[in-house]
Amino acid sequence: MSQFKRSLVTTALPYANGPVHIGHLAGVYVPADIYVRYLRAKGREVVFIGGSDEHGVPITIKAQKEGVTPQDIVDRYHNLIKKSFEEFGISFDIYSRTSSKTHHELSSAFFEKLYKEGKFIEKTSMQYYDEKAGQFLADRYIVGKCPHCGNERAYGDQCEACGTSLNATDLINPVSAITGNTPQLKETKHWYLPLDQYEGWLKEWILEGHKEWKSNVYGQCKSWLDNGLQPRAVTRDLDWGVPVPIEGVKGKVLYVWFDAPIGYISATKDLTPDWEKYWKDKDTRMIHFIGKDNIVFHCIIFPAMLKAEGSYILPDNVPANEFLNLEGDKISTSRNWAVWLHEYLEDFKGKQDVLRYVLTANAPETKDNDFTWKDFQTRNNSELVAIYGNFVNRALVLTHKYFEGKVPKAGELAPYDKEVLAEIPCIIERVEKNLESFHFREALKECMNLARLGNKYLADTEPWKLIKTDEERVKTILNICLQITADLAILSEPFMPFSAKKLRGYLNKDSLNWDEMGADVLPEGHQLNEAGLLFDKIEDEEIQRQLDRLQATKKANEMNNVKVAPAKPNISFEDFQKLDIRAGKIMAAEKVAKTKKLMKLTIDTGIDQRVVVSGIAEYYTPEEIIGKRVSILVNLEPRNLKGIESQGMILMVEDADGSLAFVAPEKEVKAGSEIR
Ligand SMILES: [Zn+2]
């Protein structure tokens, strides 16, 4: 990569209609941050660009649902996302947003240039229009049945059930998401980027020119290109977004996927007046970190836009990741099935590195992967605490104990010492090689191998035993351990910057340079600071709390999915009047022997005291219901249940999960009062 002078690293713009979750982090932001921190540590020139994607239909729909403006929605989530990225240590040089003035101007100018140069085709087509709402139904404003999988809630641009990209006119029985009305087709004009005209160039550029791209990325591009590209509309009939900058055109904005990637450029422009050197100089290497759902936009559509514009560089690599699942289930914002970053930061204060570590160790680099809380706990307790933390802590504590916290002088090296020291440059080289080629899991594994090496060295040499007989030897051992510790503080920084900083504090070294690794970083006699624990054990209760929360989410989702029973046929008022329902009170209650569900209740009906057998024993104990108000149907034909005559029926409501609750007067009333 040495032909490049500098790097421009971009991360997919998170969509500002919800918070960021672990799937986003594992797929995009953690690997990008590791990569950028590594480049910086190596002294290479790099800018790290991020920002919120604030246009598009999901935002206007959410705003309409909540009765607020789209700007309210994007302000809320942009600020939340920005703050949680900061706390999590994602070290953007700028985190911008597409509702900014710079972005509106730049994306507008970008479109205008292409328009004036005749790079678009104008097409009039029939689009769905909601008469009642008075607007065209772009993308998610229209729902209907997916022609591929039959999902009833497919959107006008995509079916989330089968992942197929759709046109609104493909949907079966389409309805407006705003009014629920059946929309009409109406003529409208739009501008299209003729991707078919770029097909030959894209084939050459990607399929011939970028064989080094990750196989999942290359494969997806190849499949798109093999299937043939179609012109793609880059405008929409909407009022939220960047207005189409053509004279006389009203009520149309740039398609969100046209303006969003231009957001990388406008963010760079917001960062520095010198932005053009990052975007227009062939010596800049541009790298897009994204998830697999964005491959087509970053490898085909955006490059075609840049090529059409003509003055910008193209991405050199797009190391897209696959998806991370959560506890065996697909992460979903709408089903609330996620670990949200802002909640994690709240629940696990000061433990940013644990999540960074787990998401990297388990990164979905080549296939979808699963995040489980149990694995999170295990990796923390048996890797970070037991290996990394344990080694560092022992090295520091022993130095304080034996040598007043001063780095002891290394004497003559034993063969084993030399062997261990010789391993360090090999580990560093493997970490670098893996980072350069976007193999972050492997790089982290190698980084931990340095901690393993130190931990084993300490366990093998046992200085705590030797101290009584051979202090000189202990000096050498601890000197080596401390040098490894300093190397770890440098090598682990891209992955776990918070712990690395803590460790530099313990070592009393404000700054450590990447190039110093493997050499004697700490001079003899250097005074160390008091050492604390680098990582804490995570207890079962903390994990259980997270699992309980997910369980509650699962239950809530199940409840949402339960369909309410259809209405029964009408009855006459006379029919209703035949029911004699009274307010009553439970005087006595006992479980019916040898049954699971039945309870024998004695009810004061105001008319009499009578026995009713009710199927509530799974939900209530006799003790808790004695004295409770009830509604009782008193003129129901008596029935024999398990040898007991039941004289009436207690009214209960059955919840979606099958549990029962009493339907009773909300205040104390005289027993026998009629319910009607
Ligand atoms: Zn489908």
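The exercises below deal with cysteines, aromatic rings and charges over rings in a predicted model.

Residues are numbered from 1 along each chain as its sequence is written. Local features need pLDDT of at least 70, and side-chain atom pairs count only at pLDDT 80 or more, whereas totals for chains, interfaces and linings use all residues.

**Exercise 1.** Determine how many disulfides the structure holds, and explain the result for Cys 426 and Cys 447.

*Solution.* Start from the criterion, a pair of cysteine sulfur atoms within 2.5 Å. For Cys 426, the closest cysteine sulfur belongs to Cys 447 and lies 15 Å away, which is too far for a bond. The structure accordingly holds zero disulfides. As for surroundings, Cys 426 is partly exposed at 32% relative accessibility, while Cys 447 is buried at 0% (buried is under 20% relative accessible area, exposed over 50%, partly exposed in between, with a 1.4 Å probe and protein chains only).

**Exercise 2.** Classify the ring pair of Trp 205 and Trp 213.

*Solution.* Rings of Phe, Tyr and Trp (its six-membered ring) pair if their centres lie within 6.5 Å, and planes under 30 degrees apart count as stacked, over 60 as edge-to-face and the rest as tilted. The whole structure contains 37 aromatic pairs. In Trp 205 and Trp 213 the centres are 5.6 Å apart and the planes stand at 90°, so this pair is edge-to-face. Trp 205 is buried at 13%, and Trp 213 is buried at 3%.

**Exercise 3.** Locate Lys 186 relative to the ring of Tyr 129.

*Solution.* The test requires NZ of Lys or CZ of Arg within 6 Å of the ring centre and within 35 degrees of the ring normal. Lys 186 lies over the face of Tyr 129, at 3.9 Å from the ring centre.

Definitions and conventions:
Side-chain values use heavy atoms; hydrogens and water are left out.
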